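Thanks for coming. I will keep this short and go through one model, starting with a loop and ending with the aromatic rings.

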Amino acid sequence: MKNLLLASVAIIALGAGPALAQDTNDNADTGAAVGGVAGGTTGAVVGGLVFGPLGAAIGGFTGAALGASAGVQESSVEYARLNPTEPVVIEGDIDVGFAVPDTVEVHVIENDPAYGYFYTQDRLYFVDLSNRTVVYSPGTVVAVEAD
C-alpha cells in the first residue's frame, strides 16, 4: 500500500512539474538555471529526509520547477548573498505569495529593478517589488562579505 501511495505521488508530481515551470516573463530563462538548481537541491534534500530515495527524486524535480518559475536571476541571488542585511522578524509562515508588510524594509538589488530581498530566520527571500509579494527563497543562504 505504501509503495502504491508513493508511486501515485511520484506520477502526480512529475505530471504537475512542467506546468509549474511555465512563465511568460521575458527574463525567465536567465533566472531559470539558478532557480532550478537551488530549488532542485533543496527539494531533493527535504524529500530524501522525509520519504527516502523516491522522495528525493520527487522533491528535486518539484523544487527545480518551482525555483525556475520564479525568474530570479543568478546574479541577484549572488548580490543578496554578498550584501547581507539585518534579519527582520516576521510572525507566521512565509511562503511564495506572502505579502510583505510595509514595515519590513525590502532591499533593492543592483541591476535588477523587478526584485528586492530581505533576510529573516536565517533565510533569504526574494520579493516582487511591484506588489511586495514573496516570489522565491533559495532556502538557508550563507551570507558573506564582499571582498
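**Two loops and four ring pairs**

The loop that joins strand 1 (107–109) to strand 2 (112–120) contains N111. Please keep in mind that this is a predicted model. N111 is not a glycine, yet its phi is positive, at about 65 degrees. As a reminder, most residues other than glycine have a negative phi. As for its surroundings, N111 is exposed, with a relative accessible area of 75%.

There is a second case. R132, also a residue other than glycine, has a positive phi near 55 degrees. It sits in the loop between strand 3 and strand 4. Is R132 buried, partly exposed or exposed? Its relative accessibility is 24%, and because the buried class ends at 20%, R132 counts as partly exposed.

Now the overall layout. The protein has three helices and four strands. Along the sequence they come in the order α-α-α-β-β-β-β. The protein has 147 residues, and 38% of them count as buried. Of the contacts with a separation of 6 or more, 61% are between residues 24 or more positions apart. The exposed area of the protein is about 8,700 Å², with 59% of it coming from carbon and sulfur atoms.

On to the rings. How many aromatic pairs does a search of the whole structure find? It finds four. One of them is Y117 with Y119: the ring centres are 6.3 Å apart and the planes are at 85 degrees, so this pair is edge-to-face. Both Y117 and Y119 are buried. These two tyrosines also belong to a cluster, in which ring pairs link Y79, Y117 and Y119.

Another pair is F126 with Y136. Here the centre-to-centre distance is 6.3 Å and the angle between the planes is 25 degrees, which makes the pair stacked. What does this pair tie together? F126 is in strand 3 (residues 123–128) and Y136 is in strand 4 (residues 133–139), so the pair connects parts that are 10 residues apart in sequence. The loop between those strands is the one that holds R132.

Both rings of this stacked pair belong to buried residues. F126 has a relative accessible area of 0%, and Y136, at 6% relative accessibility, is counted as buried too.

To recap: N111 and R132 have positive phi, and the search gives four aromatic pairs, among them the edge-to-face pair of Y117 and Y119 and the stacked pair of F126 and Y136.

Key: Residues are numbered from 1 along each chain as its sequence is written. This is a predicted model: local features need pLDDT of at least 70, side-chain atom pairs count only at pLDDT 80 or more; totals for chains, interfaces and linings use all residues. Side-chain values use heavy atoms; hydrogens and water are left out. Rings of Phe, Tyr and Trp (its six-membered ring) pair if their centres lie within 6.5 Å; planes under 30 degrees apart count as stacked, over 60 as edge-to-face and the rest as tilted. Buried means under 20% relative accessible area, exposed over 50%, partly exposed in between (1.4 Å probe, protein chains only). Contact means heavy atoms within 4.5 Å. Accessible areas come from the Shrake-Rupley method with a 1.4 Å probe; for residues, only the protein chains shown count as cover.
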